[in-house]
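The following account leads the reader through one protein chain, from its overall build to its local backbone features. Please keep the structure in view while reading.

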Amino acid sequence: METTELMVEGDVNFSEERRKWDQQIIDPRTRQILDDDARYFLHQSMSSPCLEVLDSCKGSGIKTLSGNYLLDFHGNNVHQLGYGNDDVVSQIIEQMQLLPFSPRRYTNQPAVELAKKLAEMLPGDVNRSLFAPGGTSVIGMALKLARVVTKKHKIVSLWDSFHGASLDAISAGGELVFKKYMGPIMPGVICIPPPTTYWGIFGDTEADQLNYADYLEYVIEKEGDIGAFLAETVRNTDVQIPTRAYWKRVREICTKHKVLLILDEIPIALGRTGKMFAFENYEIEPDILCLGKGLGGGIIPFAAMVTRDRFNVADDISLGHYTHEKSPLGSVAALATINYIEKENLLQKVVDDGLWMKEELNKLKEQFQIIGDVRGLGLLWGIELVKDRKTKKKAKKKAEQIMYECMHHGLSFKVSQGNVLQLSPALTINREDLQRAISILAAALAKYS
Ligand SMILES: Cc1ncc(COP(=O)(O)O)c(C=O)c1O
């Protein structure tokens, strides 16, 4: 199989370009650690064997063991505040010295304070939290809660979606690279096409977006016993920004058919789209909201499910039961993160940066034919590379070459769907570094266009 065929989500770690990248690593300590990593870890797609060895990270960037500094426009979406935010670090250290862990059946002040804060921030009766050590676990809890509340096990989700790598989460997701060899997976998941504005199967104009919503209703009516619709409000990986009309219609459909709307905002809440929560861009309310990644301040693995008061109906079973459930460290990290976003007026900065990015990236689109589409919101941007603007055929090889070229010059990002350069920098990044990233990208586009 051609390696480009395997480029369905991230870049692959055994392509020709990866081999070339690996061969130019000559620093002996780096070489040794990379070889040991490849020797002692199980190999898996998009992970080991690894790209490079990191030594440190701070703010918007990462530094390799051999001293190269890269602006990190990927960061696995934990880096809303950049790396090692001083407020977050100092509050975690203080908490570590006081109450580093809270055994189950006991509660603690930071956990309660965070649950209260989330209830204050979220609309209506979306007031009840359950915490967990990671996003995947939260998705599992949300699926379980939806079954308890609706007494139905079937859900609808979107093709190409990712909601975590566990068996339940891959069953709920729509990506082959995670489902391959895994059957039988959890039954009752029906995937439908995601609303896209570039190559959508039901059309790609703004008006066509309603076709995708209408198809959800079609499936709900035909299938008859759907309990929930699970989707990312804004799709992080290949950056799909649905229209307001789409989400308004989906919300109406879910309410009408008593289908719970589960919004997965694990990578994109906490300011990435210019709003604290992405659904605020659409004036809709989720029934269950999933948060994670940057919730732990980029330091502590931590995630939360928040739902309506009236869904507090499962006290005779365990929905989560995770060892690190009411983590005092995760809770102070989350509180420090939210407080920092509010105190520094980060949301306005992200909106301003978003407008600037839109202008700069559209200038690149005018300059380079290889760019078929530029789309984004706040500090989440996708650049879709195509062989031909008419056929929209994916330029996968070029996308990979451009990614490695950028890494050589100090800019790290990931490629999604094989041809979408996904740019998500720290929200705290300064304009100078944003400009530097655009210049590195422009030079790489010029070299490989
Ligand atoms: C949209 C989405 N949902 C869920 C997850 C799973 O989160 P975690 O890896 O923290 O378990 C991810 C992780 O990339 C994600 O992007």
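Helices, in the sense used here, are DSSP runs of H or I with at least four residues, numbered from the N terminus, and strands are runs of E with at least two. In these terms, helix H11 (328-343) is followed by asparagine 345, whose phi is positive, near 50°. The model is a predicted one, and the values below are computed from it.

The overall build comes first. The secondary structure of the protein consists of 14 helices and 15 strands. Its radius of gyration is 22 Å, close to the 22 Å that the globule rule gives for 449 residues, so the protein is as compact as a globular protein of that length. The C-alpha trace extends over about 60 × 55 × 45 Å along its principal axes. Of the 449 residues, 47% count as buried. Among contacts between residues at least 6 apart in sequence, 72% join residues at least 24 apart.

The domain assignment divides the protein into domain 1 (3-83 + 346-448) and domain 2 (86-343). Their C-alpha centres are 26 Å apart. Between the two, 32 residues of domain 1 are in contact with 30 residues of domain 2. Which elements supply the side of domain 1 that touches domain 2? Helix H12 (346-367), strand S11 (371-377), strand S12 (380-385) and strand S15 (420-423) each contribute at least two residues to it. The largest share, five residues, belongs to H12. By class, this side of domain 1 comprises 14 nonpolar, 13 polar and five charged residues.

H11 repays a longer look. At 1.5 Å a residue, its 16 residues should span 22 Å, and the end C-alpha atoms are indeed 22 Å apart, which agrees. Is this helix enclosed or open to its surroundings? Twelve of its 16 residues are buried, so H11 is largely enclosed by the rest of the structure. The buried residues include the run Pro328, Leu329, Gly330, Ser331, Val332, Ala333, Ala334, Leu335, Ala336 and Thr337, and Tyr340 and Ile341 are buried as well. The partners against which the buried residues of H11 pack are helix H4 (86-98), helix H5 (109-121), strand S4 (126-132) and H12.

Helix H13 (residues 396-408) offers a second case. Its 13 residues should span 18 Å at 1.5 Å a residue, and its end C-alpha atoms lie 19 Å apart, which agrees. The buried residues of H13 are Lys396, Lys397, Ala399, Glu400, Ile402, Met403 and Cys406. An α-helix has 3.6 residues a turn, so residues three or four places apart point the same way. Beyond this helix comes glycine 410, with a positive phi near 100°.

The ligand is surrounded by 14 residues, of which Gly134, Gly135, Thr136, Gly164 and Ile266 come nearest. Helix H6 (residues 135-150) provides the largest share of this shell, three residues. The shell is made up of four nonpolar, seven polar and three charged residues.

The backbone also has some local features to point out. Most residues other than glycine have a negative phi, and most peptide bonds are trans. Against that background, methionine 46 has a positive phi of about 65° although it is not a glycine. Methionine 46 is placed in the loop between H3 and S1. Is this residue buried or exposed? With 11 C-beta neighbours inside 10 Å, methionine 46 counts as exposed. Histidine 321, likewise not a glycine, has a positive phi of about 65°. Histidine 321 belongs to the loop between strand S10 (303-308) and helix H11. It counts as exposed, with 12 C-beta neighbours inside 10 Å.

Two peptide bonds ahead of prolines are cis. The bond from serine 48 to proline 49 is cis, with omega near -5°, and proline 49 is located in the loop between helix H3 (28-40) and strand S1 (54-58). The bond from glycine 183 to proline 184 is also cis, with omega near -5°. Proline 184 sits in the loop between helix H8 (176-179) and strand S6 (189-192).

Key:
Residues numbered from 1 in each chain as written. Predicted model: local features only at pLDDT ≥ 70, side-chain atom pairs only at ≥ 80, totals over all residues. Expected span 1.5 Å × (residues − 1). Buried ≥ 20, exposed ≤ 12 C-beta atoms within 10 Å, placed from the backbone. Near = placed C-beta within 6 Å. Nonpolar A, V, L, I, M, F, W, Y, C, P; charged D, E, K, R; others polar. Domains from an automatic or database assignment. Contact = placed C-beta atoms within 7 Å. Rg over C-alpha atoms; globule rule 2.2 N^0.38 Å.
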